[in-house]
Amino acid sequence: NSFVTLLCECHISNGTLPAELKYIQSDIIAESSVHTLQGDFQRMYLEKILSDVKLRVLDETFLAHKCVLCARSPVFLAMFSQNMTKKETSFVDISDVDPKTFGLFLKFLYMGETEFKTYEDALKLLLCADRYQVLSLKEYCSSFLISDLCEINACQILVVADMVAMNLLKASAIRRIEAHVARIFKSANWINVLEHHPRLATEVLSILSSELVK
């Protein structure tokens, strides 16, 4: 017969957790709460639980919750707080954005993240975020666009970045233009900047000229 001997060290608790365990427990609870909250809002968004407003975008209708819209967007807060017509009705007409972009926008309001595959989608969503003053979404779109900058889209991104005052994105676009200046200055996109955004074109030329002097 063989025997196994276990030597155990026991501590009797006085009911108070050590400080290091408190921090660990607190972090676990906080992380769990965040994920649960995100999951709950995702379910509200996907299942349209107790939605109390319909947002009509062209030929599509989106169900939503006024409290979520107001919490996430100062524009919606002002709309539902001050405009009694919209406050009392369950329908709101949205005329300044296309349905696809608004769907991405609404998803971000509920879940803090959304999906887009092209820089064109990101630019449209950035403009929408600016209209409704959702700063976190502006940063979200800007990060994607900075990572997706190239010779082909630099001018388009530059124009939108200037419109919505995203300075880091704008500076990144100018650096990309500088890196491919010979080809970009011959492109239709740059000609469009010259014709329709002369102030911005002058600013870019001034920056590039100062870089040459250095």
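This is a guided tour of one predicted model, stop by stop.

**Before you start**

Residues are numbered from 1 along each chain as its sequence is written, and side-chain values use heavy atoms, with hydrogens and water left out. Because the model is predicted, local features need pLDDT of at least 70 and side-chain atom pairs count only at pLDDT 80 or more, while totals for chains, interfaces and linings use all residues.

**Whole chain**

Show the cartoon. The chain has 12 helices and three strands. Helices (H or I, at least four residues) and strands (E, at least two) are DSSP runs, numbered from the N terminus. Of the 214 residues, 33% count as buried. Buried means under 20% relative accessible area, exposed means over 50%, and partly exposed lies in between, with a 1.4 Å probe and protein chains only. Take the contacts with a separation of 6 or more: residues 24 or more positions apart account for 58% of them. A contact is a pair with heavy atoms within 4.5 Å.

**Stop 1: the way into the sheet**

Select Lys48. Lys48 sits in the loop between helix H1 (19-47) and E1. Its phi is near 55°, a positive value in a residue other than glycine. Lys48 is partly exposed, at 30% relative accessibility.

**Stop 2: the hairpin**

Select residues 53-57, strand E1, and residues 60-64, strand E2. The two strands pair in the antiparallel sense over five bridges. Two strands count as paired if DSSP finds at least two bridges between them. E1 and E2 form a hairpin with two residues between them. Click Leu58 in the turn: it has a positive phi of about 55°. Now find Arg56, which stands opposite Thr61 in E2.

**Stop 3: the whole sheet**

Add strand E3, residues 91-94. The sheet is open, with three strands in the order E2-E1-E3 and mixed pairing. Which strands stand at the edges? E2 and E3 do, each with a single partner strand, so one side of each is left without a neighbour in the sheet. Neighbouring strands are turned by 25° against each other on average, direction ignored. E1 and E3 pair in the parallel sense over four bridges. In E3, Val92 is the bridge partner of Leu55. Now show H5. It packs on the sheet and touches E1, E2 and E3. The direction of H5 makes about 5° with that of E2. Such angles run from 0 to 180 degrees between N-to-C directions, with axes as lines fitted to C-alpha atoms, for helices over the stretch in contact.

**Stop 4: Leu55 and the core**

Stay on Leu55 and show its surroundings. Leaving aside neighbours within four places in sequence, Leu55 is in contact with ten residues' worth of partners listed here: Glu60, Thr61, Phe62, Ala64, Leu69, Phe76, Val92, Ile94, Phe102 and Leu106. Next, select the largest nonpolar core, which has 57 residues. A nonpolar core is a set of buried Ala, Val, Leu, Ile, Met, Phe, Trp, Tyr and Cys residues joined through side-chain atoms within 4.5 Å. Leu55, Leu69, Phe76, Ile94, Phe102, Phe105 and Leu106 touch the most other members. Helix H5 (residues 99-111) gives the largest share of this core, eight residues. The core draws at least three residues from each of domain 1 (37-130) and domain 2 (149-213). These domain bounds come from an automatic or database domain assignment.

**Stop 5: Phe108**

Select Phe108 in helix H5. Is Phe108 buried or exposed? It counts as buried, at 3% relative accessibility. Beyond its neighbours within four places in sequence, Phe108 is in contact with Arg72, Glu113, Thr114, Val134, Ser136, Leu137 and Tyr140. Draw a line from Phe108 to Val134: they are 26 residues apart in sequence and 9.7 Å apart in space, C-alpha to C-alpha.

**Stop 6: Ser73**

Go to Ser73, in the loop between helix H2 (66-72) and helix H3 (74-82). Ser73 is buried, with a relative accessible area of 1%. Outside its neighbours within four places in sequence, Ser73 is in contact with Tyr132 and Val134.

**Stop 7: helix H6 and its end**

Select residues 119-131, helix H6. The helix has 13 residues and reaches 18 Å from its first C-alpha to its last, close to the 18 Å expected at 1.5 Å a residue. The expected span is 1.5 Å times one less than the number of residues. Colour Tyr119, Asp121, Ala122, Leu123, Leu125, Leu126, Cys128 and Ala129: in H6, these are buried. The buried residues of H6 pack against H5, helix H7 (135-148), helix H8 (154-163) and helix H9 (167-179).

End on Gln133, in the loop between H6 and H7. Its phi is near 55°, a positive value in a residue other than glycine. Gln133 is partly exposed, with a relative accessible area of 45%.
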